Amino acid sequence: MKFLVMSDNHGRWQKVQEIINALKEQVDFIFHCGDSEFPSDDPIWEDVDSVVSGNMDYDPQYRKIQTLETPAGKVLVLHGHRHGVNHSNTQVLDLAQEMGAQFAFHGHTHRLYAEYKNNVLLLNPGSLNHSRGPIEEKTFAIITLESDAILVDFYDDLLNKIPRLSQSFNR
């Protein structure tokens, strides 16, 4: 099973559509962690399984938090600005555990990371608009779920895998 996770594109409609069109047949679920700056009824969301509001999304029809049951487990999706992600991922982890989620995806910081903690994969896919921190590329993530491992690969906005950022976690 594969998950595509993106966030913080800040209006780059064409780029998000390009990524969705290129990868929708290769992944099982697509998640967007907010700050798209698109209307909630934009046709771009037709192939996206879960999308939440970010601090720059003003359409009240977006949900602040979503969970989605998948064959691989429950996924929690949020933006993160209400959950202290600028300082740590502790609140996100606590919420994921409270909700029984095995995966917690968020954005907001524009800093990509993946961490497997207390049987929860915590992930920020980075930003499709501009990166902050040591990673300069504009990024999104693809998670491959195997029976005994979780593989996390980050890609730049030209759909090139960035091998130096790949991570693997034992399940």
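In what order do the six strands of the open sheet run? Keep that question in mind as you open this predicted model, and let us walk through it together.

**Stop 1: the open sheet**

Select the strands β3, β2, β1, β9, β10 and β11: this is their order in the open sheet, and the pairing is mixed. Now look at the two edges, β3 (50-51) and β11, each of which pairs on one side only. Next, pick out β9 and β10, which run antiparallel and are joined by seven bridges. For one of the pairs, show Ala141, whose bridge partner in β10 is Phe154.

**Stop 2: the nonpolar cores**

Stay with β9 (139-145) and β10, and add β1 (2-6), β2 (29-32), β5, β6 and β8; these are the elements that give two or more residues to the largest nonpolar core. That core has 25 residues, and the members touching the most others are Phe3, Phe103, Phe105, Leu123, Ile143 and Val152. Nonpolar side chains tend to be buried together in soluble globular proteins.

Centre the view on Ile143. Leaving aside residues up to four places away in sequence, Ile143 touches Met1, Lys2, Phe3, Val5, Phe105, Leu121, Leu123, Ile150, Leu151 and Val152. Another core, of 18 residues, lies apart from the one you have just seen; select Leu23, Ile30, Val48 and Phe140, which are among its members.

**Stop 3: the β4-β5 hairpin**

Move on to β4 and β5, which pair in the antiparallel sense over six bridges. Follow the chain from β4 to β5 and you will pass through the two residues of the hairpin that joins these strands. If you show side chains here, find Glu69, which stands opposite Lys74 in β5.

**Stop 4: helix α2**

Which residues of α2 are buried? Select Val92, Leu93, Leu95 and Ala96 to see them. Turn the view to look down the axis of α2: the buried residues fall within an arc of 165°, so they line one face of the helix. In an α-helix there are 3.6 residues a turn, so residues three or four places apart point the same way.

Now show what these buried residues pack against: β4 (65-70), β5, β6 (103-105), β7 (113-117) and β8 (120-124). Just after α2, stop at Gly100, which takes a positive phi of about 75°.

**Stop 5: His79**

Go back along the chain to the loop between β5 (73-78) and α2 (90-99), where His79 is found. Is His79 buried or exposed? With 1% relative accessibility, His79 counts as buried. Show its side chain together with that of Asn55, and you will see a polar contact of 3.0 Å. Then add His108: its side chain and that of His79 are joined by a polar contact of 3.3 Å.

**Stop 6: Arg164**

For contrast in surroundings, select Arg164 in the loop between β10 (149-156) and β11 (167-170). Arg164 counts as exposed because its relative accessibility is 56%. Its side chain makes a polar contact of 3.0 Å with the side chain of Glu137. You can also draw a distance from Arg164 to Asp153: these residues are eleven apart along the chain, and their C-alpha atoms are separated by 9.2 Å.

**Last stop: the annotated span**

Finally, colour residues 1-147, where an unreviewed UniProt entry places the feature "domain: Calcineurin-like phosphoesterase". This span is 14% helix and 29% strand, and its end C-alpha atoms lie 10 Å apart.

Notes
Residues numbered from 1 in each chain as written. Predicted model: local features only at pLDDT ≥ 70, side-chain atom pairs only at ≥ 80, totals over all residues. Heavy atoms only, no water. Helix = DSSP H or I, 4+ residues; strand = E, 2+ residues; numbered from the N terminus. Buried < 20%, exposed > 50% of the residue type's maximum accessible area, 1.4 Å probe, protein only. Polar contact = N/O pair within 3.5 Å; in protein donor to acceptor, adjacent residues only side chain to side chain. UniProt positions renumbered as here; feature names shortened; annotations may be inferred. Arc of directions from axis to C-beta. Contact = heavy atoms within 4.5 Å. Core = buried A, V, L, I, M, F, W, Y, C linked by side-chain atoms within 4.5 Å. Pairing = 2+ DSSP bridges.
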